[in-house]
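Welcome! Here is a short briefing to help you find your way around a structure you have not met before. Please take a look at the sequence and the 3D view, then read on.

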Amino acid sequence: MSIKKLTRWDLQKKKDSNEKAVWITAYDYWNASFAQKAGMDMILVGDSLGMCVYGYEGTVPVTMDQCIYHSEAVRRGAKNTFIIGDMPFLSYQVSVENAVLNAGRFHKEAGVDAIKLEGGQRVCRQIRAISDGGMLVMGHIGLTPQSSGQLGGFKAQGRTAETAHELIQDAKSIQDAGAFSVLVEAVPPEVCGIIKNTLSIPVYSIGAGIEADGQLMISSDVVGVFQAFTPKFVKKYENLADKTIKAFSDYREDVIKGNFPAPEHTYKMVEGEMDKLKKLL
Ligand code: KIV
């Protein structure tokens with residue numbers, strides 16, 4: 001089946017016709033190819049790679065170079081899927097100029113289709129400048145892991161009228177600054193629903209309920225390999241951690257018991273060459 005890469009207008013059409021978009025994170029070639037084969041509308045090369053690939057406790061240590069390497073691999077694995085590069089901590093907060101240059105790196109070096117950055121009104125100057133540079137920007141509000149220290153941890157957001165109102169203002173500002181879509185993380189569904197109905201651009205959810213124009217999930221959660229913790233909004237569709245540990249243990253046991261490698265896993269010498277070798281010894 002040949003897959004046609006979606007454009008921002010295809011994604012917009014999905015919102016306008018109430019068709020859900022489905023996307024997932026990927027950090028490497030193989031998972032990107034699986035995501036494309038499964039028919040994902042988009043792939044996010046999230047800075048969650050810090051936790052899912054490198055074993056950091058959060059996303060703050062992740063660098064631009066790491067994000068670029070992983071985005072390049074994902075691009076090779078999913079040539080026909082809309083790919084979003086995730087701007088890591090300090091790649092856009094310091095200055096508008098720095099933000100445009102780093103967004104540009106994602107496009108020039110890894111061939112992504114869009115970038116995502118965290119924050120509302122306080123990053124709108126960056127969103128405007130990157131959009132003016134001809135690039136597509138996705139906003140990300142609610143639980144923004146890069147500022148988890150400021151938020152008091154990985155906690156749900158927008159649960160009071162005042163904080164929900166602030167999130168709605170953030171979402172509007174992001175749209176006004178030129179973003180093509182917004183991701184809302186760990187927010188009550190009613191609040192995400194208001195944001196979705198207020199904005200004309202697509203509003204996606206991770207842990208923000210069914211009202212949104214589409215859903216994102218972290219691939220390591222979906223297949224059950226991320227072991228550190230499981231957020232409330234995660235649904236595990238597989239338990240690859242247990243399956244992988246079993247495969248590794250079975251292999252180890254086979255070697256210890258002399259069951260591997262078996263004859264079918266070995267190469268045959270060319271006919272008659274063993275006799276010649278014996279004579280040479
Ligand atoms: O890095 C990531 O995967 C993300 C999601 C948690 C939204 O930004």
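The points below cover the overall build, the largest pocket and a surface patch.

This is a predicted model. Its protein chain holds 12 helices and 8 strands, and 48% of its 281 residues are buried.

**Overall build**
- Taken along the principal axes, the box filled by the C-alpha atoms of the protein chain is roughly 85 × 40 × 35 Å.

**The largest pocket**
- The largest pocket offers about 640 Å³ of space.
- Its lining is made of 34 residues, and those closest to the pocket centre are L143, E185, I206, P231 and F233.
- If you would like to trace the lining by element, look at α3 (49-52), β4 (114-118) and β6 (181-185), which are the elements that each give two or more residues to it.
- Sorted by class, the lining of the largest pocket has 20 nonpolar residues, 9 charged ones and 5 polar ones.

**A nonpolar patch on the surface**
- Five residues, M269, M274, L277, L280 and L281, make a nonpolar surface patch of about 560 Å².
- To find M269, go to the loop between α11 (240-256) and α12 (273-280).
- Is M269 buried, partly exposed or exposed? M269 counts as partly exposed because its relative accessibility is 48%, and that class lies between the cut-offs of 20% for buried and 50% for exposed.

How values were computed. Residues are numbered from 1 along each chain as its sequence is written. This is a predicted model: local features need pLDDT of at least 70, side-chain atom pairs count only at pLDDT 80 or more; totals for chains, interfaces and linings use all residues. Side-chain values use heavy atoms; hydrogens and water are left out. On a 1 Å grid over the protein atoms alone, a cavity is a set of points where a 1.4 Å probe fits but cannot get out, and a pocket is an open set with protein on both sides within 12 Å along at least five of seven lines; lining residues have an atom within 4 Å of a point. Grid points are joined across faces, edges and corners, and a volume is the space filled by probe spheres set on the points. Helices (H or I, at least four residues) and strands (E, at least two) are DSSP runs, numbered from the N terminus. Ala, Val, Leu, Ile, Met, Phe, Trp, Tyr, Cys and Pro count as nonpolar, Asp, Glu, Lys and Arg as charged, and the others, Gly among them, as polar. Patches are made of residues with over 30% relative accessible area and no salt bridge: like charges are joined within 9 Å, nonpolar side chains (Val, Leu, Ile, Met, Phe, Trp, Tyr) within 5 Å. Accessible areas come from the Shrake-Rupley method with a 1.4 Å probe; for residues, only the protein chains shown count as cover. A salt bridge is a side-chain nitrogen of Lys or Arg within 4 Å of a carboxyl oxygen of Asp or Glu. Buried means under 20% relative accessible area, exposed over 50%, partly exposed in between (1.4 Å probe, protein chains only).
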